[in-house]
Amino acid sequence: MRREHGADYQYTGYVLHPQKDKETSPIMTSSLTTRPESAGDVAIIRDINLAAFPTPLEADLVEALRADPQAWLPGLSWLAEAPGGELAGYALLTRCHVGDSPALTLGPCAVKPEHQQRGAGSAAIRAALQAAREQGENLVLVLGHAEYYPRFGFTPASGFRIRPPFDVEDKYMMALALDPERPVPSGVIRYPAAFGV
């Protein structure tokens, strides 16, 4: 699937839209609380994704990833809760591979429109990345806005000799080594089947 956002680039597959701005224990970020997904959150996660995106593709992607035992990793689906208790933001990390080496892919990430530009997306992403670090993961990949994801430490994946299985401008395919002391694999990214690439 090819979709275009803005005049400056095109991408293939699912791309995360920016929302500017211990294992299961909540994390406070300013006035937001983050926590991992629980069984009762499935419907609200779908609602957050449906509200954040113009089509149900991302909401459907989350459900397809959740149903894939090769992709879904417990404790890496995170929510940001607004001060009034409303679930406002969402970030998901799932298993992918670089060559034959395990890695994670970030996305979908979503924030309800009324909570955008208030840090809910950043809070959910930071919490998910910290949970991945605590679980011993090292490499995280994201296809997204080059102006947004560097705030979390992402840099162009090409710097690690990592490339996606489709054409995209270099600056939009990014990688983050959670532990810079550990080796990072190089090669082509293999996404879960649900991504359709």
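Here are some numbered notes on this structure, which is a predicted model.

1. Overall make-up. The protein has 3 helices and 12 strands. Of its 197 residues, 51% are buried. Its accessible surface is about 8700 Å², and carbon and sulfur atoms account for 52% of that.

2. Strand β11, the covered one. If you look at one strand, try β11, residues 173–177. It is largely enclosed by the rest of the structure, because 5 of its 5 residues are buried. Which residues sit on which side? M173, A175 and A177 are on one side, M174 and L176 are on the other, and all of these are buried, so both faces of β11 are covered. As a reminder, side chains in a regular strand alternate between the two faces of the sheet.

3. Partners of β11. Strand β8 (residues 139–143) runs antiparallel to β11, and 5 bridges join them. Within that pairing, V140 stands opposite L176. Strand β9 (residues 155–156) also pairs with β11 in the antiparallel sense, over 2 bridges. There, P156 has M174 as its bridge partner. Both L176 and M174 belong to the buried set described above.

4. Strand β12 and its partners. What pairs with β12 (residues 187–190), and in which sense? Strand β6 (residues 87–98) does so in the antiparallel sense, over 2 bridges. H97 has R190 of β12 as its bridge partner. Strand β10 (residues 162–163), on the other hand, runs parallel to β12, again with 2 bridges. In this case R163 stands opposite V188.

5. Helix α3. This helix covers residues 120–134, 15 residues in total. From first C-alpha to last it reaches 21 Å, close to the 21 Å expected at 1.5 Å a residue. Is α3 mostly covered or mostly open? Mostly covered: 11 of its 15 residues are buried. Among them are A120, G121, S122, I125 and L129, along with several alanines, including A123, A124, A127 and A128. After the helix comes G136, with a positive phi near 85°.

6. Helix α2. Here the buried residues are E58, A59, L61, V62 and L65, within a helix that spans residues 57–66. Why do they count as being on the same side of α2? Because they cover an arc of only 160° around the axis. Note that a glutamate, E58, is on that buried list.

7. Buried aspartate. D41 is in the loop between β4 (32–36) and α1 (42–52). Is D41 buried or exposed? It counts as buried, because its relative accessibility is 5% and the cut-off for buried is under 20%. Leaving aside residues up to four places away in sequence, D41 touches R35, P36, L79 and L87. If you have the model open, that loop is worth a look with those four contacts displayed.

8. Cysteines. How many disulfides are there? The count comes to 0, with the rule being cysteine sulfur atoms within 2.5 Å. Two cysteines are worth a mention for their burial. C96 is buried, with a relative accessible area of 0%. C109 has 3% relative accessibility, so it counts as buried too.

Methods
Residues numbered from 1 in each chain as written. Predicted model: local features only at pLDDT ≥ 70, side-chain atom pairs only at ≥ 80, totals over all residues. Heavy atoms only, no water. Buried < 20%, exposed > 50% of the residue type's maximum accessible area, 1.4 Å probe, protein only. Helix = DSSP H or I, 4+ residues; strand = E, 2+ residues; numbered from the N terminus. Arc of directions from axis to C-beta. Pairing = 2+ DSSP bridges. Expected span 1.5 Å × (residues − 1). Areas by Shrake-Rupley, 256 points an atom, 1.4 Å probe, with all protein chains shown as cover. Contact = heavy atoms within 4.5 Å.
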